[in-house]
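Work through the exercises below with the sequence and the model side by side, and try each task before reading its solution.

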Amino acid sequence: MTEYDVVIIGGGPGGYNAAIRAGQLGLTVACVEKRATLGGTCLNVGCIPSKALLHASELYEMARKDFAGLGIEVSPTLNLSAMMAQKDASVSQLTKGIEFLFKKNKVDWIKGAGRIAGPGKVEVTDVDGAVTPLAAKNIVIATGSEPAGLPGVTVDRERIVDSTGALALPGVPKHLVVIGAGVIGLELGSVWRRLGAEVTVVEFLDRITPGVDAETAKTFQRALAKQGVNFKLGCKVTGAVVGKNGVELTFEPVAGGPAETIDADYVLLCIGRRPYTDGLGLESVGVQPDRRGFIQTDHFRTSAPGVWAIGDVTLGPMLAHKAEDEAVACIELIAGRAGHVNYDVIPSVIYTYPEVATVGKTEEELKAAGVAYKVGKFPFTANSRAKVNHEAEGFVKVLADATTDRVLGVHMVGPDVGELIGEYCVAMEFAAASEDVARTCHPHPTRSEALRQAAMGVEGWTMQA
Ligand code: FAD
Ligand code: NAD
């Protein structure tokens, strides 16, 4: 039996980054992945294919609607299969890139489903049923998550799809109904609206994107509604009947009132994801997931000695970069180093148009915690670069401690803010005051000036108009 310093179960952003870091630190390491390709949810059916479609569909919409205003006359036509093919090609290149990195860093990819078979033991069953036993000084669980279900709405992968199905619909729906106004619903809803679908989003709460700063979410919702997305907020779906050409969906107001029905040719169910530990053998080492199925950890250590857990299967935001940071820190702790993740500085981006980017505390969180804070805000309408690009929707909002001026949270909605938020992540990691950003020279004319102007706004000396 092969013995490894570390055996990692799962080859997503958590698992593959852990494996590569272990290889870099000279540990012997195997990564067990049952999917045919490495990269997990993120590379195969998550971040990467969704962003490929968001990018292509945004250009298509710009060509149809915005180019003429810039003096460019074009008549674009959609070639959906070519759009899907370029998405698949990007996914394939990136998953192969992980295979290359595994070889470079001496990581053994053991293909098959991993099961913990007791302390220090993992058994891998391949597609033909052959079992390979592995011995491990440390086991890292990085098995990720799967879409959450909704009673009464069965994902048949034909008419009612989850995010994986919505990344590969055979044609543009006439009417796509999205259940859940979260990140997946608004990103993939945007893709199909841009390609020509009518999109209706049914959401249980009376707001979209719970967890996002409320003012930011409101501005975002207005922007999406202006683009034609229909919202049915405060509504709960009670049933879905699949017919030959579509789905009849029934929903009713959460606050009470008459039920409504709506016809869709496709329904996308995306009401969150849940941790995935099926067949993992946690009981063999006495690890008991919590009520919602998450594995509880203390600095990535589970309750079983030598068994660690990272990424979506543990508590915290279900984000690829959170899984990656945990992967590196976990392996560094295993190697006797000082691994660390700063959970106060984990950014979050919604890659729609306009984009939403946030890091740190929301106003609601600061109020609830009784923290006195100051607000600096700057609209993109007053930013020259956004203006000349005809992309002046949204704002940057900086929340700073009223006493120390330390930046506590930044919330933006606007063009490319997902690329801009990194500046504030670095600032916050270095415990910057808003004045540090306000007094840092930024290039003109760029959208990044809006970040500086918002920081200047904390002390009331915003200048650009
Ligand atoms: P996963 O990526 O889920 O990887 C777990 C892997 O473990 C899987 O490949 C699975 O096959 C494997 N596995 C499970 N059990 C076993 C077993 N017993 N044996 C062997 N292998 C096993 N996050 C972002 O940060 N940015 C985005 O833009 C973004 N977009 C997304 C879009 C969509 C449509 C979706 C669904 C998710 C998106 N996410 C995004 C979330 C992101 O994909 C996850 O947070 C991330 O993949 C979590 O990484 P992970 O390694 O914990 O788990
Ligand atoms: P989500 O948690 O972002 O949103 C789910 C939405 O569904 C919420 O608004 C919730 O109130 C609503 N909801 C819950 N139950 C409902 C019901 N019965 N009826 C109607 N609405 C209901 O979940 P998601 O959009 O499925 O995404 C899952 C995870 O994937 C997220 O945690 C996110 O972190 C990750 N993700 C991230 C990105 C990104 O970073 N850009 C993109 C996609 C997915």
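The exercises that follow concern a predicted model, and they take up two ligands and one pair of helices.

**Exercise 1.** Describe the surroundings of ligand 1, beginning with the residues that come nearest.

Solution. Begin with the shell, which holds 39 residues, and note that Gly14, Glu33, Thr41, Lys51 and Gly114 come nearest to ligand 1. Next, sort the shell by class, which gives 16 nonpolar, 17 polar and 6 charged residues. Then turn to individual polar contacts, for which a pair of N or O atoms must lie within 3.5 Å. The side chain of Lys51 has an N or O atom 2.7 Å from an oxygen atom of ligand 1, while a polar backbone atom of Gly114 is 2.8 Å from a nitrogen atom of ligand 1. Taken alone, ligand 1 exposes 990 Å², and the protein buries 94% of that area. Finally, look for the secondary structure behind the shell: the elements that give two or more residues include helix H1 (13-24), strand E2 (29-33) and helix H8 (320-334), and H2 gives the most, with 4 residues.

**Exercise 2.** Find which backbone atoms lie close enough to ligand 2 to form polar contacts, and state how much of ligand 2 the protein buries.

Solution. Start from the 22 residues around ligand 2, of which Ile184, Glu187, Glu203, Gly272 and Val349 come nearest. By class, this shell has 15 nonpolar, 3 polar and 4 charged residues, and helix H6 (residues 183-194) gives the most to it, with 3 residues. Now apply the cut-off of 3.5 Å between N or O atoms. A backbone N or O atom of Val183 lies 3.2 Å from an oxygen atom of ligand 2; for a polar backbone atom of Gly272 the distance to an oxygen atom of ligand 2 is 2.9 Å, and for one of Met318 it is 3.0 Å. As for burial, ligand 2 exposes 840 Å² when taken alone, of which the protein buries 78%.

**Exercise 3.** Describe how helix H3 packs against helix H4, giving the geometry of the axes and the residues that meet.

Solution. Two packed helices are described by the angle and the distance between their axes. The axes of H3 (residues 47-66) and H4 (residues 80-104) come within 9 Å and cross at roughly 140°, and the crossing is right-handed. To find the residues involved, follow the contact from each side: Ile48, Pro49, Ala52, Leu53, Ala56 and Ser57 in H3 meet Met83, Met84, Gln86, Lys87, Val91 and Leu94 in H4. Sorted by class, this contact has 9 nonpolar, 2 polar and 1 charged residues.

Notes. Residues are numbered from 1 along each chain as its sequence is written. Chains are lettered from A and ligands numbered from 1 in the order in which they are written. This is a predicted model: local features need pLDDT of at least 70, side-chain atom pairs count only at pLDDT 80 or more; totals for chains, interfaces and linings use all residues. Side-chain values use heavy atoms; hydrogens and water are left out. Axes are lines fitted to C-alpha atoms, for helices over the stretch in contact, and angles run from 0 to 180 degrees between N-to-C directions. A crossing is left-handed if the near helix is turned anticlockwise from the far one by less than a right angle, and right-handed if clockwise. Contact means heavy atoms within 4.5 Å. Ala, Val, Leu, Ile, Met, Phe, Trp, Tyr, Cys and Pro count as nonpolar, Asp, Glu, Lys and Arg as charged, and the others, Gly among them, as polar. A residue is near a molecule or strand if one of its heavy atoms lies within 4 Å of it. A polar contact is a pair of N or O atoms within 3.5 Å; within protein, one must be able to donate a hydrogen and the other to accept it, and residues adjacent in sequence count only if both atoms are side-chain atoms. Accessible areas come from the Shrake-Rupley method with a 1.4 Å probe; for residues, only the protein chains shown count as cover.
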